[in-house]
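Trainee: Please take a close look at one part of this model, and set it in the context of the whole chain. I should like each term explained where it is used.

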Amino acid sequence: MLQCTAFSELPEMGARVALMGLADGPGQASEAPDLDEFLLCELGEHDDGTEHAAQLWSSSAPAGRDLWMFWTDADGRRMFRFTELLPCPAVIHRLSVKEGDACVLYDRHPAAHSWDVTDPLADLMAERIREEVRRDRDGGGELGAQA
């Protein structure tokens with residue numbers, strides 16, 4: 001399943017207020033994480049009735065809650081809200097029963113788990129980086145040719 005392509009400008013003041021209100025959040029304003037100016041929906045493709053979602057902050061505590069921003073576009077207006085949610089408990093085990101990949105979305109999210117959502121742009125960028133590293137390692141890149 002492809003990743004949703006919706007994006008939103010982050011309402012920074014609302015995000016900072018939500019971060020400072022977290023029970024186990026960053027605490028002081030100086031400890032708050034740097035926030036991106038724009039957020040991309042992290043869910044798989046979904047219908048218009050489902051809110052878009054992007055994670056803003058993740059708790060370090062094992063049973064902690066993560067801060068998510070949800071948004072919808074209706075009647076030419078963007079509506080957003082911030083919510084603390086538990087992480088999705090799903091884990092996929094591919095080759096090992098002991099180790100697995102956890103879903104990085106929130107509990108009871110719609111549609112597919114994060115391991116089933118593909119981002120073609122991120123995949124393309126990762127492949128280009130791998131090609132550049134291979135070229136440099138093999139001496140065919142600009143850095144290898146200059147040395």
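Mentor: Helix α2 (residues 120-137) is a convenient place to start: its 18 residues reach 26 Å from the first C-alpha to the last, close to the 26 Å expected at 1.5 Å a residue, where the expected span is 1.5 Å times one less than the number of residues. Helices here are DSSP runs of H or I with at least four residues, strands are runs of E with at least two, and both are numbered from the N terminus. Just after α2, G139 takes a positive phi of about 85°. This is a predicted model, in which local features need pLDDT of at least 70 and side-chain atom pairs count only at pLDDT 80 or more, while totals for chains, interfaces and linings use all residues. Residues are numbered from 1 along each chain as its sequence is written, and side-chain values use heavy atoms, leaving out hydrogens and water.

The chain as a whole has 3 helices and 7 strands, in the order β-α-β-β-β-β-β-β-α-α from the N terminus. Of its 147 residues, 28% are buried (under 20% relative accessible area; over 50% is exposed and in between is partly exposed, with a 1.4 Å probe and protein chains only).

The part that deserves the close look is the open sheet of 3 strands, ordered β3-β4-β5 with antiparallel pairing. Strands β3 and β5 stand at the edges with a single partner strand each, so one side of each is left without a neighbour in the sheet. Neighbouring strands are turned by 25° against each other on average, direction ignored; axes are lines fitted to C-alpha atoms, for helices over the stretch in contact, and angles run from 0 to 180 degrees between N-to-C directions.

Strand β3 (residues 52-57) pairs with β4 (residues 66-74) over 5 bridges, where pairing requires that DSSP find at least two bridges between the strands. Within this pair, A54 has M69 as its bridge partner, and Q55 has W68. On to β5 (residues 77-85), β4 is joined by 9 bridges, and T72 is partnered by M79.

Strands β4 and β5 form a hairpin with 2 residues between them. D75, in the loop between these strands, has a positive phi of about 55° although it is not a glycine. At 81% relative accessibility, D75 counts as exposed. A111 likewise has a positive phi, near 65°, without being a glycine; A111 lies in the loop between β7 (101-102) and α2 and is exposed, with a relative accessible area of 52%.

Helix α1 (residues 12-20) lies across β3, β4 and β5, at about 15° to β5. The largest nonpolar core (buried Ala, Val, Leu, Ile, Met, Phe, Trp, Tyr and Cys residues joined through side-chain atoms within 4.5 Å) has 25 residues, among which L10, L56 and L67 touch the most other members. At least two residues of this core come from each of α1, β3 and β4, and β4 supplies the largest share, 5 residues. Beyond its neighbours within four places in sequence, L67 has contacts that include A18, L19, L56, W57 and F82, contact meaning heavy atoms within 4.5 Å.
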